[in-house]
Amino acid sequence: MNKLFKTVSQVSLGLVAVMAIASCNQNANTGATNTTNDSTASVANANKEEKIVYINSDTLSEKYEYYKDVRAKLEAKVKKAQSDLQSKGQAFQREVAEYQQKAASMSASDRQATEERLARKQDELGRLDQNASASIAQDESTEFTNVYNTITEYLKKHAEEKGYELVLTYSVSNPTVLYAEKKMDITAEVVEALNKEYKDKKAKEKK
């Protein structure tokens with residue numbers, strides 16, 4: 001049952017956080033000094049025109065309702081699977097304890113038959129654990145791919161409307177952006193727009 005504990009607990013918005021809107025061509029094989037200077041100058045000019053912006057993925061994971069709903073749904077599936085496996089595991093342990101108490105008074109053939117039956121049950125529990133873990137991992141992949149696609153599709157439209165050439169992401173655990181002016185942070189407007197889009201979608205689905 002240990003596999004299930006490793007599933008949703010390890011999910012982070014890193015799965016949906018890398019959101020490049022337009023490519024930045026870099027020539028790594030040219031002179032290092034010139035490349036650095038040219039790149040610095042280019043970024044400085046781009047910043048002045050607000051062509052490069054960033055999103056705080058920690059804030060996005062805290063405030064994006066779709067992401068939170070998906071995570072809650074996956075965590076509920078993990079808890080249910082854990083509960084089912086724990087119940088079956090406890091029932092199996094009771095059977096083993098009962099057999100151990102009676103083994104001395106059983107015939108050799110009965111002991112062999114019981115041990116074989118218990119071994120099959122133990123194997124079955126192992127398969128149930130593996131199947132549950134695989135099913136949840138598949139659900140996790142599908143759900144967060146959908147979240148990723150929703151975010152990137154919105155950002156493509158948003159970037160085109162605003163004239164952004166690149167959207168970076170920042171998080172405490174993965175600080176791709178080490179420093180940026182506050183005016184380049186578009187997290188609040190993106191979260192607001194994404195939540196409105198998600199709310200409207202849910203409203204349509206209820207009709």
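This section describes the fold of a predicted model, its last helix and its aromatic pairs.

The protein contains five helices and two strands. From the N terminus, these elements follow the order α-β-α-α-α-β-α. The average pLDDT is 80, and 76% of the residues score at least 70. Residues 1-48 have a pLDDT below 50. Beyond near neighbours in sequence, this stretch still has 70 contacts in the model.

Of the 207 residues in the protein, 30% are buried. The exposed surface amounts to about 13,800 Å². Carbon and sulfur atoms supply 48% of that area. Contacts were also examined by sequence separation. Among those between residues at least 6 apart in sequence, 88% join residues at least 24 apart.

Helix H5 spans residues 187-206 and has 20 residues. From first C-alpha to last, H5 reaches 28 Å, close to the 28 Å expected at 1.5 Å a residue. Its buried residues are Thr-187, Val-190, Val-191, Leu-194, Asn-195 and Tyr-198. These residues lie on the same side of H5, because they cover an arc of only 125° around the axis. The spacing fits helix geometry in general. An α-helix has 3.6 residues a turn, so residues three or four places apart point the same way. Exposed residues occupy the other side of H5: Ala-188, Glu-192, Lys-196, Lys-199 and Lys-204.

The buried residues of H5 pack against four elements, namely strand E1 (52-56), helix H2 (57-63), helix H3 (65-102) and helix H4 (108-162).

The loop between strand E2 (166-170) and H5 holds Met-184. Met-184 has a relative accessible area of 8%. This residue is therefore buried, as the cut-off is under 20%. Met-184 lies 17 residues from Val-167 in sequence. In space, the two are 9.5 Å apart, C-alpha to C-alpha.

Three aromatic pairs occur in the structure. In one, the ring centres of Tyr-64 and Tyr-66 are 5.9 Å apart. Their planes stand at 90°, so the pair is edge-to-face. Tyr-64 and Tyr-66 are both buried. Ring pairs also bring in Tyr-198, linking Tyr-64, Tyr-66 and Tyr-198 into a cluster. Tyr-198 is one of the buried residues of H5.

Conventions
Residues numbered from 1 in each chain as written. Predicted model: local features only at pLDDT ≥ 70, side-chain atom pairs only at ≥ 80, totals over all residues. Heavy atoms only, no water. Expected span 1.5 Å × (residues − 1). Buried < 20%, exposed > 50% of the residue type's maximum accessible area, 1.4 Å probe, protein only. Arc of directions from axis to C-beta. Contact = heavy atoms within 4.5 Å. Phe/Tyr/Trp six-rings, centres within 6.5 Å; stacked < 30°, edge-to-face > 60°. pLDDT = per-residue confidence, 0-100. Areas by Shrake-Rupley, 256 points an atom, 1.4 Å probe, with all protein chains shown as cover.
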